[in-house]
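Visitor: Can you walk me through this one? Short answers are fine.

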Amino acid sequence: MSAPLHADEELERRVAVRLRRQERLTSPDAPELWVVLGEAALRRAVGGTETMREQLQRLGQVSRLNNVTLQVLPFHAGAHPGMHGGFHLLGFPEDADRDVVYVEYRQGSLYLERQSDVDAYAKLFDHLRARALGPDESRALIVRIAEETP
């Protein structure tokens, strides 16, 4: 039997951080969030069917917020330029704070700050958004998958 990837305390800490970030989406100073999510993430059962259904329903709710744009990159889009892995393009309101790209991988994470890297990932994100379903179509797909989950 293999050892767990993270100690229980670390897992709890990560969950707490993510829950606090979710709370910020409805706060008075809520950030703008634009997400392109692969259809596989919606269909891969993690945590059991009840958990998946709840998570999909939550995505459907969050996608209705004015500061959130959620798009699904469907399977039928085929091969796409983001298949190498996920990333976060972080933009900041102050001119002095430059945009950065955050990339997580199995052993850690990276912040890419060179303008050429940020520009390359911004272009990649534009291509993914163009290939993804629109926000309304994406929400409808998420709701349909949630309803199909036994």
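**A walk through the model**

Guide: Let's start with one residue. Leu-19 sits in helix α1, which covers residues 8-24. Keep in mind that this is a predicted model.

Visitor: Is Leu-19 buried or exposed?

Guide: Leu-19 is partly exposed, at a relative accessible area of 46%. Together with Leu-11 and Val-15, Leu-19 makes a nonpolar surface patch of about 260 Å².

Visitor: Okay, zoom out. How many helices and strands are there?

Guide: There are five helices and five strands. Starting at the N terminus, the order is α-β-α-α-β-β-β-β-α-α.

Visitor: And what does the C-alpha trace span?

Guide: About 50 × 40 × 40 Å along the principal axes.

Visitor: How much of the protein is buried?

Guide: Of the 150 residues, 25% are buried. The protein exposes about 10,800 Å². Carbon and sulfur atoms supply 53% of that area.

Visitor: Which residues form the largest nonpolar core?

Guide: There are twelve: Leu-73, Ala-77, Phe-87, Val-101, Val-103, Leu-112, Val-118, Tyr-121, Leu-124, Phe-125, Leu-128 and Ala-132. Strand β4 (100-105) and helix α4 (115-131) each supply at least two residues of this core.

Visitor: Which element gives the most?

Guide: Helix α4 does, with five residues.

Visitor: Is that the whole story on cores?

Guide: No. Another core lies apart from it, with nine residues. Leu-56, Leu-70, Val-72 and Leu-141 are among them.

Visitor: Back to Val-103. What does Val-103 touch?

Guide: Leaving out residues up to four places away in sequence, Val-103 touches Gly-86, Phe-87, Gly-108, Ser-109, Leu-110, Leu-112 and Tyr-121. Of these partners, Phe-87, Leu-112 and Tyr-121 are listed in the largest core along with Val-103.

Visitor: New topic: strands. Is β2 mostly covered or mostly open?

Guide: Mostly covered. Strand β2 is residues 68-73, and five of its six residues are buried.

Visitor: Which strand pairs with β2, and how do they run?

Guide: Strand β1, residues 33-38, is joined to β2 by six bridges. The two strands run parallel.

Visitor: Give me one facing pair.

Guide: Val-36 stands opposite Gln-71 in β2.

Visitor: Gln is polar, I thought. Is Gln-71 buried or exposed?

Guide: Gln-71 is buried, because its relative accessible area is 5% and the cut-off for buried is under 20%.

Visitor: So what touches Gln-71?

Guide: Setting aside residues up to four places away in sequence, the contacts include Trp-34, Val-35, Val-36 and Leu-37. Others are Arg-129, Ala-132, Leu-133, Gly-134, Pro-135 and Ser-138.

Visitor: What do side chains do in a regular strand?

Guide: In general, they alternate between the two faces of the sheet.

Visitor: How far apart in sequence are the contacts, overall?

Guide: Take contacts between residues at least 6 apart in sequence. Of these, 63% join residues at least 24 apart.

Visitor: Now charges. How many salt bridges does a search find?

Guide: Nine in the whole structure.

Visitor: Show me one in α1.

Guide: Arg-13 forms a salt bridge with Glu-10, and their closest N and O atoms are 2.8 Å apart. The two are separated by about one helical turn, because they are three residues apart in helix α1. Arg-13 is partly exposed at 45% relative accessibility. Glu-10 is also partly exposed, at 25%.

Visitor: Do you have one with a buried partner?

Guide: Try Asp-117 and Arg-114, whose side chains meet at 3.2 Å, N to O. Asp-117 counts as buried at 18% relative accessibility, whereas Arg-114 counts as exposed at 56%.

Visitor: What about helix α5?

Guide: Helix α5 is residues 135-148, and it holds both Arg-139 and Asp-136. They lie three residues apart, about one turn of the helix. Their side chains meet in a salt bridge at 3.1 Å, N to O.

Visitor: Which of those two is buried, and which is exposed?

Guide: Arg-139 is buried, with a relative accessible area of 16%. Asp-136 counts as exposed at 58%.

Visitor: Last one. Which residues do shared salt bridges join into a network?

Guide: Glu-39, Arg-43, Arg-144 and Glu-148. Salt bridges that share partners link them into one network.

Technical notes
Residues numbered from 1 in each chain as written. Predicted model: local features only at pLDDT ≥ 70, side-chain atom pairs only at ≥ 80, totals over all residues. Heavy atoms only, no water. Patch = residues over 30% accessible without salt bridge, like charges linked within 9 Å, V, L, I, M, F, W, Y side chains within 5 Å. Areas by Shrake-Rupley, 256 points an atom, 1.4 Å probe, with all protein chains shown as cover. Salt bridge = Lys/Arg side-chain N within 4 Å of Asp/Glu carboxyl O. Helix = DSSP H or I, 4+ residues; strand = E, 2+ residues; numbered from the N terminus. Buried < 20%, exposed > 50% of the residue type's maximum accessible area, 1.4 Å probe, protein only. Core = buried A, V, L, I, M, F, W, Y, C linked by side-chain atoms within 4.5 Å. Contact = heavy atoms within 4.5 Å. Pairing = 2+ DSSP bridges.
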